[in-house]
Amino acid sequence: MEGFKHFSHPHKLSFHNSLEDVLLVCTGCKFPCTGTLVYSCRPCNFFLHDQCFDAPRSMTHPAHPAHPLSIFPSPTYPSGSFICGSCDQVGSGLCYCCSICEFDLHVRCAYHDPKLKSSSSTPPLKQIQLKSHPKHPVHQVPKPPYSGGQCVCDVCGKSCDADGPLYHCDICGYDVHLECTDLAETVRRKDHEHTVSLLHVNPFQAFLCDVCGWSIAQNHCMYYCSSGCAYGMHVKCVTAKVSVKPPKDKMAYQLELLNLQNSTKLYQMSMNNQMMAANGIRYDRIGRYDQYGRYYRD
């Protein structure tokens, strides 16, 4: 049978243009590959962008000129993930590694690092679909399309570079750092017994990060304990050490904690009132009426 061989997969691959309406993810770089040229093994659900397929087996990179880097099909660490030496984000899948220094790079960072000059470098995908923003695709823009160029990444909550590229949704104004589109689905921290999983949709109205101590906005993604032990953190805090001091100053920390507790109490009161109203019970400032109209003083 004709086909193409890649060192990361035991079967031969076919080369074709993927369908526009089918969401596919590259096994190598973990970026979507919908509507692009791909190498695939359909029985194994294995897909590679053409640039990931053609990535050289070794290279000398300006970010780590002392030793050559070799490409591996997956991280060599027990956690199954690595920290990219270019963007400082967690990665999985294909990675360039230095066996001497434990220096690692995403395949995409190796290709698109501005310090790397290579004729084989190709531009990143212009349009992708994100699990955190499933309604519309986001497309790459050279800089934030706002006056002043100020915006915040809707995945991690950090500011975007006013003059740097990012992914943007023209319909919703949803903005994402380039590196925040390729976050690892699971990460293991040394200070916690379970893995933490990426929550693309944050279900918590109020949650304090167990690493830095600041609250996590519900409209941002977060990492949460896979075993459900109420342990979670900001996307950017997943590789950070636990803060031994309250953030900024004690008063600011206590004020944020108080606001968080108050919002939680208000939410609980609202839910209680809805439940009582459903049962025909209502309160005034002194007592309450039951469903039969009888009045009681509290």
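**A pocket, a core and a confidence check**

User: Hi! How much space lies in the second largest pocket?

Analyst: About 510 Å³. A pocket here is an open set of points on a 1 Å grid over the protein atoms alone, where a 1.4 Å probe fits, with protein on both sides within 12 Å along at least five of seven lines. The volume is the space filled by probe spheres set on the points, joined across faces, edges and corners.

User: Which residues are closest to its centre?

Analyst: S79, I83, R188, R189 and K190, out of 19 that line this pocket (having an atom within 4 Å of a point). This is a predicted model, where local features need pLDDT of at least 70, side-chain atom pairs count only at pLDDT 80 or more, and totals for chains, interfaces and linings use all residues. Residues are numbered from 1 along each chain as its sequence is written, and side-chain values use heavy atoms, leaving out hydrogens and water.

User: What does M233 touch?

Analyst: Beyond four places in sequence, M233 has contacts (heavy atoms within 4.5 Å) with R189, V196, C209, V211, I216, M222, Y223 and V238. So R189, one of the residues closest to the pocket centre, also touches M233.

User: How confident is the predictor overall?

Analyst: Mean pLDDT (confidence in each residue, from 0 to 100) is 78, and 74% of residues reach 70 or more.

User: Where does it stay under 50?

Analyst: Over residues 114-125, for which the model has 24 contacts beyond four places in sequence. Where pLDDT is low, predicted coordinates should not be read in detail.

User: And what share is buried?

Analyst: Of the 298 residues, 40% are buried, meaning under 20% relative accessible area with a 1.4 Å probe, protein chains only.

Definitions and conventions:
Buried means under 20% relative accessible area, exposed over 50%, partly exposed in between (1.4 Å probe, protein chains only).
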